[in-house]
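Notebook open, model loaded. I want to go through the strands, one helix and the aromatic rings, and jot down what I find.

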Amino acid sequence: MISDIIKGISKRLDDNFDYDIFCDLVNQGLNPPCFFIKVLRSSKSDVLNNRKYLSHDFVIQFIPNDNDCMNLHDMAEDLYRILQYIFIDVDSNTINCVHSFNTHHEIVDNVLMFYLSFNYYSYESVQSVVNMDSLESDSINISNVFNDFL
């Protein structure tokens with residue numbers, strides 16, 4: 001599902017900007033302006049039975065081609081609007097709309113750092129288990145022993 005979220009983020013960025021989008025570190029040959037998408041943290045917790053709560057935190061870095069800090073703030077405002085919802089292809093027939101949470105940004109060394117999270121519930125299929133028909137034991141019936149004691 002994380003790769004589906006990255007694809008959804010990439011699609012929204014690609015639909016709105018004409019910049020390169022990377023998910024892996026590029027050591028050389030970087031042509032700003034461009035975006036980097038990185039997973040910061042991912043968690044999964046049990047809720048009920050086969051229901052799970054998943055949370056994925058991302059950072060999108062935007063590297064501009066100039067040193068104008070005001071353009072970075074404008075870009076951040078655009079990202080708030082554009083990445084409020086993303087669309088994820090679940091299978092060939094279903095597309096889910098996922099809402100982002102905990103969005104915030106900062107500018108560090110003339111690079112826009114845009115943080116967002118996606119939280120959702122998931123159901124995991126449970127394998128059917130064959131139950132035993134009956135269980136017989138040669139143990140003592142406790143209730144009879146207790147009644148005899150009184």
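Before I start: helices and strands here are DSSP runs numbered from the N terminus, with a strand needing at least two residues. On that basis I place Tyr85 in strand β4, which covers residues 85–89. I also remind myself that this is a predicted model.

**Entry 1, Tyr85.** I looked up how open Tyr85 is to solvent. Buried would need under 20% relative accessible area and exposed over 50%; Tyr85 comes out at 37%, so I log this tyrosine as partly exposed. Then I checked what Tyr85 touches beyond its neighbours within four places in sequence, and got Arg12, Cys97, Val98 and His99. For Cys97, twelve residues away along the chain, I noted a C-alpha separation of 6.4 Å from Tyr85.

**Entry 2, helix α2.** Next I went to α2, residues 69–82. From first C-alpha to last, its 14 residues reach 20 Å, close to the 20 Å expected at 1.5 Å a residue. Which residues of α2 are buried? I get Leu72, Met75, Ala76, Leu79 and Ile82. They span an arc of only 130 degrees around the axis, so they sit on the same side of α2. On the face turned away from that buried side I find the exposed residues Met70, Glu77 and Arg81.

**Entry 3, strand β6.** I moved on to β6, residues 111–123, and found the strand mostly covered, with ten of its 13 residues buried. Its antiparallel partner is β3 (residues 51–63), and I count twelve bridges between the two. Across this pairing, His56 stands opposite Phe118 of β6.

**Entry 4, rings.** How many aromatic pairs are there? The count comes to nine. I wrote down Phe17 with Tyr19 as a stacked pair, 5.9 Å centre to centre and 10 degrees between the planes. I also wrote down Tyr80 with Phe114 as an edge-to-face pair, at 4.9 Å and 75 degrees. Tyr80 belongs to helix α2 and Phe114 to strand β6, so this pair ties together parts 34 residues apart in sequence. Phe114 is buried at 0% relative accessible area, while Tyr80 is partly exposed at 26%.

Back to the stacked pair: Phe17 is buried at 12%, and Tyr19 is partly exposed at 29%. Ring pairs also link these two with Phe35 and Phe62 into a cluster.

**Entry 5, a charge over a ring.** Last lookup of the day: the charged end of Arg51 sits over the ring of Tyr121, 4.2 Å from the ring centre.

Key:
Residues numbered from 1 in each chain as written. Predicted model: local features only at pLDDT ≥ 70, side-chain atom pairs only at ≥ 80, totals over all residues. Heavy atoms only, no water. Buried < 20%, exposed > 50% of the residue type's maximum accessible area, 1.4 Å probe, protein only. Helix = DSSP H or I, 4+ residues; strand = E, 2+ residues; numbered from the N terminus. Pairing = 2+ DSSP bridges. Contact = heavy atoms within 4.5 Å. Expected span 1.5 Å × (residues − 1). Arc of directions from axis to C-beta. Phe/Tyr/Trp six-rings, centres within 6.5 Å; stacked < 30°, edge-to-face > 60°. Lys NZ or Arg CZ within 6 Å of the ring centre and 35° of its normal.
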